[in-house]
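Colleague: I'm new to this, so could you walk me through how the labels get decided? I'll keep asking what makes each one fit.

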Amino acid sequence: MLRGSAVLLAVAALASCSQTKVKIVVSDAPGAQIVVKAYEVNHLEVVDTLSADAQGGCSYKASIAEGDPMFHYIYYNDRRIASMLLKKGDKVLVNADTLGNYVVSGSEESVRLQEVEQKYNDFSREMKELTGKLTATSDDASALKLRREMTEKYIAYYRQAIRFVMENPRSLTVVPVFYQRVGSDLPVFAQSSDAIVFNNICDSLATVYPKSKYVRSLRSDAQKRLNTLNISSQLGEAEEIGYLDIELPDVNSKLVKLSEVEAKVKVIHFWNPADPAQKMFNQDILIPVYKDYKDRGVEFYCIALDADKAEWAGVVKSQKLEWINVCDVQAAASKYVSMYNVQNLPTSYFICNEELAGADVKDEASLRRHLDNLLKK
């Protein structure tokens, strides 16, 4: 039997072995201050502030409860340079630079998290580059090509993200994936039906991590997402119909799906009914053009971006707008604004033979000319 002091030493040694230890090397920041923060669901909390040695090395110990892993992030000059998902007893080594490139070892979950972040960062960088090119171009054909490329990348990444969470239902690394965004506005998981995936993954995670605050938060958010608009067809059918679908309520609160509009040429028109100039655009340009083209296979799908549905409905009635009128009360925050990269109002897009087409509509003559060209195809 162990005597008193020996017992205490054995217990201390056992506790030391089960501690989570992290060594950090930021080779291009010798002597720098390194900050470690923990993700507490709705905020970041500083865990430790470290001083790197002459080789950029430092270390810390983390108190991680059994069965309750924690996300820890490493910061240099307010820039996140590495991420970890730590379990009790992990012995982790992080080699990083000040630009955010890093390699982690000693933690299976942290390695998986690093791979997830790298793929997301690559996707975000590609989308940012395409957005920059789209903003800079004034050529309709180039703009259309860029929008199609952005749509394809968006859909491909969404499917990749779905595949990852379905293949890793018992790993907490799926949690940040569910909250990834395209730019600052559009969630990668934008469909209301994604709430089903959220709940299924939560069920799996709860069997492994019943105490996890991250799982509780994820389940709560899954319930909220059930209230979001269903845009499943935009991602599920995008390759088939060649554009991202839209589904919004008309003046009778009936949902109208863009893909179900039957016409050779569909005109998608984003506008603001509170703007007198845009109401004049309806009166002076859209109404006369629609009367001449509605029997030639052209239909307008006009999207009012207005939180005041009553005012919008009043404008539709007073102007006697005969085409398909729908309203998005999210206004400028509408996901469709992001998806179609609407920069100004009014803005029009065209769909011909189920393919997205672009054109700069400045006046009645340019609108008629473009419709004539599309109808010849």
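Modeller: Sure. Start with pairing: two strands pair if DSSP finds at least two bridges between them. Bear in mind that this is a predicted model.

Colleague: Okay, how do you know that β5 is joined to β6?

Modeller: Count the bridges. β5, residues 70-76, has 7 of them to β6, and the cut-off is at least two, so the two strands count as paired. They run antiparallel, and across them Y75 stands opposite R80 in β6.

Colleague: What makes β3 and β6 edge strands?

Modeller: The sheet is an open one of 4 strands, in the order β3-β2-β5-β6, with antiparallel pairing. β3 (44-51) and β6 (79-86) each pair on one side only, and that puts them at the edges. From one strand to the next, the twist averages 25°. As for what holds such things together, strands of a sheet pair through backbone hydrogen bonds.

Colleague: What lies across β5 and β6?

Modeller: That's helix α2, residues 108-136, running at about 140° to β6. Its buried residues pack against β5 and β6, and also against β8, α3, α4 and β9. Among those buried residues are L113, V116, F123, M127, L130 and L134.

Colleague: How do you know that the span of helix α5 agrees with what it should be?

Modeller: Helix α5 covers residues 194-208, which is 15 residues. The expected span is 1.5 Å times one less than the number of residues, so it should be 21 Å, and the end C-alpha atoms are 22 Å apart, which agrees. You can do this for α2 too: its 29 residues reach 43 Å, close to the expected 42 Å.

Colleague: Next one. Why is N168 called buried?

Modeller: Its relative accessible area is 15%. Buried means under 20%, so N168 makes the cut. You'll find N168 in the loop between α3 and α4. Leaving aside neighbours within four places in sequence, N168 is in contact with R112 and V174.

Colleague: And is V41 buried or partly exposed, and why?

Modeller: V41 comes in at 24%. Partly exposed is the range between under 20% and over 50%, so V41 is partly exposed. V41 sits in the loop between β2 and β3.

Colleague: What makes N77 exposed?

Modeller: Its relative accessible area is 60%, and exposed means over 50%, so N77 qualifies. N77 is in the loop between β5 and β6. There's something else to spot there: N77 has a positive phi of about 50° although it is not a glycine. V41 has a positive phi as well, near 75°. Most residues other than glycine have a negative phi.

Colleague: Why is the pair of F71 and Y214 called edge-to-face?

Modeller: First the distance: the centres are 4.9 Å apart, and rings pair if their centres lie within 6.5 Å, so this counts as a pair. Then the angle: the planes are at 70°, and over 60 degrees counts as edge-to-face, so the name fits. F71 is in strand β5 and Y214 in helix α6, 143 residues apart. Both F71 and Y214 are buried.

Colleague: How many aromatic pairs does a search of the whole structure find?

Modeller: There are 15. Ring pairs also link Y158, F178, F189 and F198 into a cluster.

Conventions:
Residues numbered from 1 in each chain as written. Predicted model: local features only at pLDDT ≥ 70, side-chain atom pairs only at ≥ 80, totals over all residues. Heavy atoms only, no water. Axes fitted to C-alpha atoms, helices over the stretch in contact; angles between N-to-C directions. Contact = heavy atoms within 4.5 Å. Buried < 20%, exposed > 50% of the residue type's maximum accessible area, 1.4 Å probe, protein only. Phe/Tyr/Trp six-rings, centres within 6.5 Å; stacked < 30°, edge-to-face > 60°.
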